[in-house]
Amino acid sequence: MADPAVLNHALFNVSVEDCSVELVEPDADGRDFDEFSRIMLTELIANEKSKQYSFTDENELVVSHVRSITKNELLENTSSLQSNWLKRTESIALKLLEVEIKAQERIAAMDKKIKKGSLLILHLEHDGLTRFVILKIEVDSFFDEIEARIRRGLPLNKQRLQKSCLVTLNSSGEVTELLLSDSGRTIREYWWGGFLSSKEMTTAGLNTKTAYDAVDFLLKQTVKKLSEPDYIYMRNDVNSYFRNNESFIHTELVERLEAHNIESQDFKDKFPDFIEKLKKLPANPKAKFDTQFDLDQSVIKTKLKSNIFLDENLELRIMGDIPNIKEIIRTGTDQDGKFIKIYSDTGYNAFVRQGN
């Protein structure tokens, strides 16, 4: 797959504090700016968090400018494509400033601040398609060794994408895909709603159900058949993740299950294959789900339950995740056979006999 070709780029400093938008002019040959754009694009491509949205009205400012740039439509009193690009992208940056000022007013009473950042806009061609990337990038302090002064700028040595938007258009200039992401656990409403005038393609409820069912099915098909203990402990980790988080990030769940201590040698050899299948789950055409979304607890409440057959008329019913499950439930053998031991004051009081 060929690398994306950057047709044009623009960078703006957006300051809520100063109520200003300032175009950052590249140096004479533009090589540093080109390299910075390449770094940001590489970081976006490597980002494994995203959610599908759609524009609510293609006459809204951001999408309207994006489509007009694609079609080489010039604004009034604009004589060149370059000046048209700068005017349209500046208008997008001013829209972000307007939205961030309103968002700041809403959160000021909570002693919170919208993070200061710059807006990078890239116009790309990739695999025969036109794409636009709109990135809000973190601003940080650094020490200028030449002038021996502390300055503020865009860091190169750490992840810095606060928010991203990737728009894909077909040859007719129609939007075919809109992917958003956020460095936070949730995608902020002022980004997807106020700034981009979009709506989610898949609801939190449907995403939650699809993701949970897909992971649970994978566990049953690839783990339970080989090792029931590994299945129980990994399912407990999955239940804990879904129940105790307000939002879902697929890479986090993968990392949690990658850290699982394998109980069975039979499963150990298959574990890498399981992890690879887990990573690819969101893209499964039969049950696709976003890699970042808010969790809907009401959807999975009943799904967390499971029963383990112990003997005739005797089952162990698990209602959800069990913290420290390996410490609470233990196994062993004695002269009478195999047994499980469950530490429980309530259970003890229900079964204790005089003389025990």
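## Getting started

A residue counts as buried when its relative accessible area is under 20%, exposed when it is over 50%, and partly exposed in between (1.4 Å probe, protein chains only). With that in hand, let's look at this predicted model, where local features need pLDDT of at least 70, side-chain atom pairs count only at pLDDT 80 or more, and totals for chains, interfaces and linings use all residues. Residues are numbered from 1 along each chain as its sequence is written, and side-chain values use heavy atoms, with hydrogens and water left out.

## The chain as a whole

The chain has 356 residues, and 41% of them are buried. It holds 12 helices and 16 strands; these are DSSP runs numbered from the N terminus, with helices being H or I runs of at least four residues and strands being E runs of at least two. Two residues are in contact if they have heavy atoms within 4.5 Å. Take the contacts between residues at least 6 apart in sequence: 64% of these join residues at least 24 apart.

## Two nonpolar cores

A nonpolar core is a set of buried Ala, Val, Leu, Ile, Met, Phe, Trp, Tyr and Cys residues joined through side-chain atoms within 4.5 Å. The largest one here has 33 residues, and L119, W191 and F195 are the members that touch the most others. Its top contributor is helix 3 (residues 81–107), which supplies 8 residues. Another core lies apart from this one, with 28 residues that include L218, I249, L257 and L304.

Who does F195 meet? Setting aside neighbours within four places in sequence, F195 is in contact with V62, I92, K95, L96, V99, I134 and Y190. Over in the other core, L304 belongs to the loop between helix 10 (297–300) and strand 13 (306–311). L304 is buried, at 4% relative accessibility. Its C-alpha sits 7.9 Å from that of I318, and the two are 14 residues apart in sequence.

## Salt bridges

Side chains of opposite charge can pair when their charged atoms come close. A salt bridge here is a side-chain nitrogen of Lys or Arg within 4 Å of a carboxyl oxygen of Asp or Glu, and the count by this rule is 14. One of them joins K51 to E200, with the closest N and O atoms 3.5 Å apart. That pair links distant parts of the chain, since K51 is in strand 3 (residues 51–55) and E200 in strand 10, 149 residues apart. Are its two ends buried or partly exposed? K51 is buried at 4% relative accessible area, whereas E200 is partly exposed at 34%. K51 and E200 also share a salt-bridge network with D290.

E252 and R185 form another salt bridge, with closest N and O atoms 2.7 Å apart. E252 is in helix 7 (residues 250–258) and R185 in the loop between strand 9 (175–182) and helix 4, so the pair ties together parts that are 67 residues apart in sequence. For a pair within one helix, look at K279 and E276, which meet at 3.5 Å, N to O. Both lie in helix 9 (residues 271–280), 3 residues apart, or about one turn of the helix.

## A charged residue without a bridge

R88 lies in helix 3. R88 is buried but has no salt bridge, and the nearest side chain of opposite charge, that of E73, is 5.1 Å away. For that comparison, Lys and Arg count as positive and Asp and Glu as negative, while His and the chain ends are not counted. Beyond four places in sequence, R88 touches H65, S68, I69, E73, L74 and L75.

## Positive phi in two loops

N77 is not a glycine, yet its phi is positive, at about 60°. You'll find N77 in the loop between helix 2 (61–70) and helix 3, and at 78% relative accessibility it is exposed. S197, also not a glycine, has a positive phi of about 50°. S197 sits in the loop between helix 4 (189–195) and strand 10 (198–200), and is buried, with a relative accessible area of 12%.

## Helix 6

Helix 6 covers residues 228–244, and its 17 residues should span 24 Å at 1.5 Å a residue; the end C-alpha atoms are 24 Å apart, which agrees. The expected span is 1.5 Å times one less than the number of residues. Among the buried residues of helix 6 are D230, Y231, Y233 and M234.
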